[in-house]
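Visitor: Could you show me around this protein, step by step? I am new to reading structures.
Guide: Gladly! Let us look at the model together.

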Amino acid sequence: MRLKSVFSDWSGVSISSIPCLSNNSNLPSQYPAPHPGPGHSVCVQLPLASVLPRPHPHTLRDVWDGFHVRLPWSRENLYPVEDKDNRGKKMLRSRWELIIEALTKEKLSSSLDLEEAVLTYNSRYRGKPDWDFTALHSLFTEEFEPEETEMFFNSTLPSMVDLLISSPTILTSPLPLLSAGSSHSITLSQQQ
C-alpha cells in the first residue's frame, strides 16, 4: 500500500479556520500562563511578545549531567575518531562538528547517502543489528513515488538540516530528564 493512497481522500481543514490563542485573540485562555519554577522549565521568553517566541535564556546554557538531556551541541559531547596524523590512534572530536560536517559536506540524495552520513558520527554502530536502515531504504524504494523521494532529498531534508544547524540558538535552555515517579513540566515553542 502506498502512503499517498492512505491520505488521498482526507482534506482536513484550512489552517486559518483553527482558533489561535494570541495576545490580540478574543478566545478565552484555557490554561494559565506558564510560570518557571522547580517543577516547570520554561524555554521561551515570557511574556510572549512576538509571533515567533524568543528562546530563554538568550544565550546557550550548556549542562552535561545525569539530570538533563545531553544535547548534541554540548561542548562536552565528544566522539572518538581516528587521528589522521597518527594512524591507529584515536582522538576526541566534537560530535556536533562531526554531525554538521556529515550532513552538509556533500548533498545527500538517497537513503544510502543519509545512512552513511548518520554512521559517520555514530561509527561504533556500523554493522550492528540494532542500527539497521532497511526500513528507511524500503520507505524510499518501495513506498514513496520517485517525486516524493526527490522532494524529500531536495527540500525536506535540507530544511531539516538547516533547522538542526540553528538549533543551538533555538533551544538554549537545558532540558531536564523526565523520569518515572517525578512531576515536571516543560514549556517549549513550536519551533523548539
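**A guided tour**

Visitor: Are F140 and F144 buried or exposed?
Guide: Buried means under 20% relative accessible area, exposed over 50%, and partly exposed in between (1.4 Å probe, protein chains only). Set against those limits, F140 and F144 both come out as buried.

Visitor: Before we go on, what kind of model is this?
Guide: Residues are numbered from 1 along each chain as its sequence is written, and side-chain values use heavy atoms, with hydrogens and water left out. Local features need pLDDT of at least 70, side-chain atom pairs count only at pLDDT 80 or more, and totals for chains, interfaces and linings use all residues, since this model is predicted.

Visitor: How do the rings of F140 and F144 pair?
Guide: Rings of Phe, Tyr and Trp (its six-membered ring) pair if their centres lie within 6.5 Å; planes under 30 degrees apart count as stacked, over 60 as edge-to-face and the rest as tilted. By this rule there are 6 aromatic pairs. For F140 and F144 the centres are 5.3 Å apart and the planes stand at 85 degrees, so the pair is edge-to-face.

Visitor: Which aromatic cluster do F152 and F153 belong to?
Guide: The rings of F152 and F153 have centres 4.9 Å apart and planes at 90 degrees, so this pair is edge-to-face. Both F152 and F153 are buried. Their cluster is made of F140, F144, F152 and F153.

Visitor: What pattern does the protein follow along the sequence?
Guide: Helices (H or I, at least four residues) and strands (E, at least two) are DSSP runs, numbered from the N terminus. The protein has 5 helices and 4 strands. Along the sequence they give the pattern α-β-β-β-α-α-α-α-β.

Visitor: Which helix gives the most to the largest nonpolar core?
Guide: A nonpolar core is a set of buried Ala, Val, Leu, Ile, Met, Phe, Trp, Tyr and Cys residues joined through side-chain atoms within 4.5 Å. The largest one has 25 residues, and L103, L108 and F153 are among those with the most contacts inside it. Strand 2 (78–82), helix 2 (95–104), helix 3 (111–120) and helix 5 (146–170) each supply at least two residues of this core. The top contributor, with 5 residues, is helix 2.

Visitor: Why are helix 3 and helix 4 called roughly antiparallel?
Guide: Axes are lines fitted to C-alpha atoms, for helices over the stretch in contact, and angles run from 0 to 180 degrees between N-to-C directions. Angles under 35 degrees count as roughly parallel, over 145 as roughly antiparallel, 65 to 115 as roughly perpendicular and the rest as oblique. The axes of helix 3 and helix 4 (residues 134–143) come within 9 Å and cross at roughly 160 degrees. Helix 3 and helix 4 are therefore roughly antiparallel.

Visitor: Which residues is S167 in contact with, leaving aside its neighbours within four places in sequence?
Guide: S167 sits in helix 5. With 12% relative accessibility, S167 counts as buried. Contact means heavy atoms within 4.5 Å. Once neighbours within four places in sequence are set aside, S167 is in contact with W73 and W96.

Visitor: How far apart in space are G37 and H184?
Guide: G37 lies in the loop between helix 1 (3–7) and strand 1 (40–42). At 34% relative accessibility, G37 is partly exposed. G37 and H184 are 147 residues apart in sequence, while their C-alpha to C-alpha distance in space is 9.6 Å.
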